[in-house]
Amino acid sequence: MKKLMLSLAIAASLVGSSSYAQQVVRIGTLADYAPFEYKDASGKLKGMEIEIGQKMCASMKVTCQWVTMDFDALIPALKSKQIDAAMAQMSKTPEREKSVDFTRIFTTAPVQLVTKKGAGINQNPATLRGKTIGVQTASTHESYLRMRLPTSKSSIDVKVYQTMDAAWLDLESGRIDAVFADNTLAYDWLSKTGFKEGFDFAGKPIEDAEIFGAGTAIAVRKGDEKLKAQFDQAIVKVHSDGTFSTVNKQYFPFSILPK
């Protein structure tokens with residue numbers, strides 16, 4: 001009888017523990033995309049998306065495991081099931097939607113050129129002729145320059161970087177003439193380094209919904225409707241309860257909340 005009671009107690013404890021086991025969601029992200037994702041001096045992953053992402057995971061009642069990798073590895077890793085989602089300021093575009101599914105829009109991020117003041121560069125393609133423009137590999141910014149401004153016709157040299165840190169260093173040293181990136185990311189570099197070194201935004205933001213999409217979102221595998229719905233609900237929550245706006249103010253003097 002004692003053995004039976006012990007067995008029943010063990011079985012009950014196992015059932016109880018499994019009922020409290022949280023779903024683990026592996027989120028692919030970056031480690032060099034400040035202020036959204038970066039590692040501090042101790043190697044801890046930090047940033048605006050990490051901070052809000054943690055709050056969303058808590059509301060979803062899941063355990064999030066952050067997996068850092070290069071941007072161009074995110075979609076392949078998602079498709080091969082190495083990760084369950086990608087949260088790395090990825091623009092929701094028609095081209096990417098052929099490979100992955102996206103949540104509702106999470107942030108907005110206009111795109112803009114950054115260059116030295118007085119360089120004569122702006123959003124007009126004619127001002128880019130003979131210039132070298134830096135972009136991150138596999139980004140919508142690279143796609144725009146190659147698709148809308150073919151280098152063979154416009155004499156624009158596109159220099160591709162694995163990390164934006166390397167692009168900013170080359171811009172600062174004069175090895176390239178401009179960087180083309182989201183103005184959120186650009187503002188972070190300008191506010192820390194660029195403005196005092198004579199750099200600024202060049203011209204107006206460039207709009208192209210087909211290439212840049214309507215904003216950034218979280219990518220999930222094709223057909224993973226359950227996880228997509230979980231993230232959608234979490235995004236609605238952080239947008240509506242003030243969480244997003246509160247964190248936003250810690251990083252930018254302007255709002256990147258979708259309208």
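# A tour of the sheets and helices

Begin by selecting strand E13 (residues 216–220) and E6, which run antiparallel and are joined by four bridges. The model is a predicted one. In this pairing, alanine 86 has alanine 219 of E13 as its bridge partner.

Keep E6 selected and add strand E1 (residues 23–29), which pairs with E6 in the parallel sense over two bridges. Here isoleucine 27 has alanine 85 of E6 as its bridge partner. Colour E6 by accessibility next: seven of its seven residues are buried, and the strand is mostly covered.

Now move to helix H9 (residues 225–240). Its 16 residues reach 22 Å from the first C-alpha to the last, close to the 22 Å expected at 1.5 Å a residue. Show the side chains of Leu227, Gln230, Phe231, Asp232, Ala234, Ile235, Val238 and His239, which are buried in H9. The elements that these buried residues pack against are E1, helix H2 (48–60), strand E5 (62–68), E6, E13 and helix H10 (243–251). Following H9 is glycine 242, with a positive phi near 90°.

Turn next to the open sheet. In what order do its five strands lie? The order is E10-E9-E11-E8-E12, with mixed pairing. Strand E10 (157–161) and strand E12 (199–206) stand at the edges with a single partner strand each, so one side of each has no neighbour in the sheet. From one strand to the next, the twist averages 30°.

Within this sheet, select strand E9 (residues 132–136) and strand E11 (residues 178–182), which pair in the parallel sense over two bridges. The residue to label in E11 is alanine 178, the bridge partner of isoleucine 133.

Add helix H6 (residues 164–173), which lies across strand E8 (111–116), E9, E10, E11 and E12. The helix runs at about 145° to E11.

Finish with helix H7 (residues 183–194). Its end C-alpha atoms are only 13 Å apart, although the helix has 12 residues; a straight helix would reach 16 Å at 1.5 Å a residue. Is H7 largely enclosed or left open by the rest of the structure? Nine of the 12 residues are buried, so H7 is largely enclosed. To see them, select Asn183, Thr184, Leu185, Ala186, Asp188, Trp189, Leu190, Thr193 and Gly194. Then display what covers these residues, which includes strand E2 (32–33), strand E6 (85–91), E8, H6, E11 and E12. This brings the tour back to E6, the strand that pairs with E1 and with E13.

Note on methods
Residues are numbered from 1 along each chain as its sequence is written. This is a predicted model: local features need pLDDT of at least 70, side-chain atom pairs count only at pLDDT 80 or more; totals for chains, interfaces and linings use all residues. Side-chain values use heavy atoms; hydrogens and water are left out. Two strands pair if DSSP finds at least two bridges between them. Axes are lines fitted to C-alpha atoms, for helices over the stretch in contact, and angles run from 0 to 180 degrees between N-to-C directions. Contact means heavy atoms within 4.5 Å. The expected span of a helix is 1.5 Å times one less than its number of residues. Buried means under 20% relative accessible area, exposed over 50%, partly exposed in between (1.4 Å probe, protein chains only).
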